[in-house]
Every structure is written in structure tokens, then in C-alpha cells.
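Q: I am new to this structure and would like a close look at a single part of it. Could you take me through one helix and what surrounds it, and then show how another part compares as a place to look?

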Amino acid sequence: MTALREDVERLHFTRAAIEHAYAQGWTDGLPVVPVTAEVVEEFLATTPRPRDEVVAAVPHLGRECTVEQAAVNAAMAGCRPEYLPVVLAAWDALMQQRVVTGGGWQSTSGPAPLIVVNGPIRAELSINCAGGVFGPGFRANATIARAVGLVVRNVFGIRPQELEQSTQGIPGRFTLCIGENEEESPWEPLATELGLAPGTDAVSALLLRTCEFVDNRHTSDPEQVLWDIADTVARTGAAIGRHSSAGLVLGVEHAQLLAAGGFSKADVQRWLSEHAFRTHTEMRLAGKSLAGQEGPGIDEHGLHVVPDPEQIPIVVAGARNAAMSMVVRPFGFGGWSRTAHPIRRAGGSTT
């Protein structure tokens with residue numbers, strides 16, 4: 001009976017701690033994990049980085065986040081201690097995005113960070129790369145991205161309807177972390193494409209406005225699949241004047257179909273850049289006339305929505321259940337950083 005009473009007391013204490021976090025405004029709407037000083041030390045022991053190192057900042061607000069503050073929020077998010085090096089690498093990647101340091105967190109678009117993990121660490125930490133990769137059910141995926149979001153809220157003080165000005169935001173702002181399905185991809189992993197040695201544990205990241213799926217199980221012609229994807233990439237609703245951007249999270253079937261058809265990743269990027277197009281008439285009908293505007297992508301015929309092929313990130317992820325892919329919409333007009341950042345862990349060099 002004593003043991004049972006102690007269990008009940010611990011549950012009451014835990015619930016009180018969770019409610020206290022709500023009262024303090026520390027949560028993103030979901031319960032957070034109560035954190036003690038000892039727990040923070042467990043997290044800090046997994047990284048060689050000093051606790052007072054600044055890993056993230058919003059210069060226009062004069063606010064910075066240290067390794068220790070990132071660890072606290074990672075613990076609150078439900079991370080295991082060994083996830084912290086991935087969280088820190090995610091911040092390394094995000095800080096290379098001009099929009100992140102230039103007010104992107106407060107945008108009316110309400111963008112969310114998309115975190116892509118490469119390397120053997122995906123299996124070690126059970127980071128989902130396959131079925132339901134954007135959905136719930138996987139602790140590492142969910143909590144690594146949530147840790148980033150809690151820093152934005154708790155360290156930077158950017159909260160909806162306060163400093164954050166998103167009109168609607170996207171559901172993925174809670175958590176958008178995926179592993180690349182390297183095992184079934186016909187191409188080199190994203191981190192390798194971006195210059196790191198094969199097999200490196202690494203993170204790439206960007207801010208995302210939204211994502212839209214392309215369901216095409218109807219054809220085995222790679223160009224027909226590309227036309228279908230290009231139609232989504234060129235949607236006028238995603239264009240702001242002459243500005244737009246897009247990337248792909250390709251399902252395994254689509255990636256392998258394209259590769260079998262002789263397309264490299266660079267070929268796919270070039271094809272989409274050339275064919276994701278809207279005429280001047282179509283833009284005018286959507287109330288987005290380009291009259292008098294100049295810039296990359298605009299010619300006498302209309303608008304090439306993504307004029308720079310390298311600014312179309314391509315990741316292979318998801319399961320082989322059906323031929324579906326996702327068009328993702330990077331936030332910002334300056335493109336994404338095209339960088340991958342090694343995951344640094346305590347007790348060893350960068351893996």
C-alpha cells in the first residue's frame with residue numbers, strides 16, 4: 001500500500017509540474033516534460049560543446065540561445081539526452097538561413113523548420129525515414145523538431161498572437177523532422193550532395209511555408225510524373241509577385257522511376273526549373289500580373305517559378321506504399337543555404 005501511495009503522490013506531483021508549465025506559458029499547447037538540473041546535466045554530457053556557447057540568435061530582438069538553454073528545452077520537448085547533438089546541429093543549419101536571422105520566425109506565413117537527418121545516426125536514434133515520415137508516432141522525429149520550436153517560444157519569446165504574426169501558420173510547426181531514406185534512394189544522400197563525406201551524421205534545415213502532396217501512381221513514364229510535380233510547383237497561390245520557391249520530398253517509387261529513366265538529381269532540378277512555368281495571362285488572371293517587373297525567371301512568355309535549379313532541394317523519404325511525393329515550399333526569397341552540418345557528439349570526433 002505504501003508503494004502505491006508513493007506512486008500516486010509522484011503522479012500528482014508530475015501533473016502539478018505540467019500544469020505549472022502551462023501557467024508559465026512554457027508549452028506549445030502540448031504537455032512538456034518537467035526538467036531538473038540533473039536532467040539538464042545528462043543532456044549536456046552528450047555534447048562536447050560548452051554550455052554557454054551561443055547556438056542560435058534573433059539579432060533584431062537581441063536574443064540568443066546557449067547550448068544549456070537548448071538542452072533545457074530539448075528535455076522539456078521530450079527528447080532523450082542523446083538527441084541533443086542533433087538538435088544543436090539543426091540550429092547550426094537553421095542559422096545559415098538568412099530568413100531565420102532576419103525575422104522569419106515572426107512572418108505572416110508562419111513557417112516551420114524542416115529538419116533533414118542523414119547518416120547512420122538515423123538508425124541509432126530510430127529517426128523515421130520511411131512510412132508516415134511527416135506524421136506522428138516517432139519520438140525522435142517529433143521531439144527533435146519540437147525542441148527547436150520550444151526555443152523559439154521560450155528563449156526568443158516569439159509566441160503566436162504576440163511577437164509571432166502568422167496569419168494561419170502550418171500544422172507542421174509543432175514538428176517537422178525527417179530522416180532521408182538513404183537505403184532506398186537511387187541517389188547520393190542530401191548531406192553528401194552538399195559536400196560532406198558519405199556516411200557522415202549530419203543535419204540540413206530550412207524554414208518551410210507549407211507542403212503539398214503529388215499522388216501519381218498512374219504512369220511509369222518519368223516525364224509524366226515530372227509534369228505532374230511541375231504543375232504543383234508552379235501553383236500561382238505559392239507565388240508572391242515574381243518570388244516563389246519549391247523543393248521535393250520524393251517517395252521511393254518516384255525517385256527510383258526517375259533514376260531508372262536516366263534522371264540524376266541535378267537533371268530533375270533542371271527539368272523542373274525549365275517546366276514549372278506560368279504564362280503572363282495565367283498570372284494576370286490570378287491577380288498577380290508581372291507587368292513592369294524584372295528579375296530571374298521572368299521572360300516575355302511568363303514566370304519560371306524556380307529559376308535557379310540548385311534552389312530546389314530534393315530529399316528521398318517515405319515508404320513504398322504508393323507512388324506519392326511532397327512538394328515543399330521553402331520560406332524566403334533568397335533561397336535556402338544549401339548546407340549540411342555534422343552532428344558532434346561527446347566522446348568522439350564528428351561522425
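**A close look at the helices**

A: In this predicted model, a good place to begin is Asp-92, which lies in helix 4, the helix of residues 84–94. With a relative accessibility of 17%, Asp-92 counts as buried, because the cut-off for that word is under 20%. Leaving aside residues up to four places away in sequence, Asp-92 touches Arg-49 and His-341.

Helix 4 is also one of the elements against which the buried residues of helix 7 pack, and the others are strand 2 (63–66), helix 3 (67–77), strand 3 (112–118) and strand 4 (177–179). Helix 7 covers residues 139–154, and 12 of its 16 residues are buried, so it is largely enclosed by the rest of the structure. Among these buried residues are Ala-140, Ile-144, Val-148 and Leu-150, and also Asn-141, Arg-146 and Arg-153. At 1.5 Å a residue, helix 7 should span 22 Å, and its end C-alpha atoms are 21 Å apart, which agrees.

Turning to another pair, helix 9 (residues 222–233) and helix 10 (residues 252–260) pack at an angle of about 130 degrees, with their axes 9 Å apart. That angle makes helix 9 oblique to helix 10, and helix 9 passes helix 10 in a left-handed crossing. On the side of helix 9, Pro-222, Val-225 and Leu-226 take part, and they meet His-254, Leu-257 and Leu-258 in helix 10. The residues of this contact divide into 5 nonpolar, 1 polar and no charged.

Key. Residues are numbered from 1 along each chain as its sequence is written. This is a predicted model: local features need pLDDT of at least 70, side-chain atom pairs count only at pLDDT 80 or more; totals for chains, interfaces and linings use all residues. Side-chain values use heavy atoms; hydrogens and water are left out. Axes are lines fitted to C-alpha atoms, for helices over the stretch in contact, and angles run from 0 to 180 degrees between N-to-C directions. Helices (H or I, at least four residues) and strands (E, at least two) are DSSP runs, numbered from the N terminus. Angles under 35 degrees count as roughly parallel, over 145 as roughly antiparallel, 65 to 115 as roughly perpendicular and the rest as oblique. A crossing is left-handed if the near helix is turned anticlockwise from the far one by less than a right angle, and right-handed if clockwise. Contact means heavy atoms within 4.5 Å. Ala, Val, Leu, Ile, Met, Phe, Trp, Tyr, Cys and Pro count as nonpolar, Asp, Glu, Lys and Arg as charged, and the others, Gly among them, as polar. Buried means under 20% relative accessible area, exposed over 50%, partly exposed in between (1.4 Å probe, protein chains only). The expected span of a helix is 1.5 Å times one less than its number of residues.
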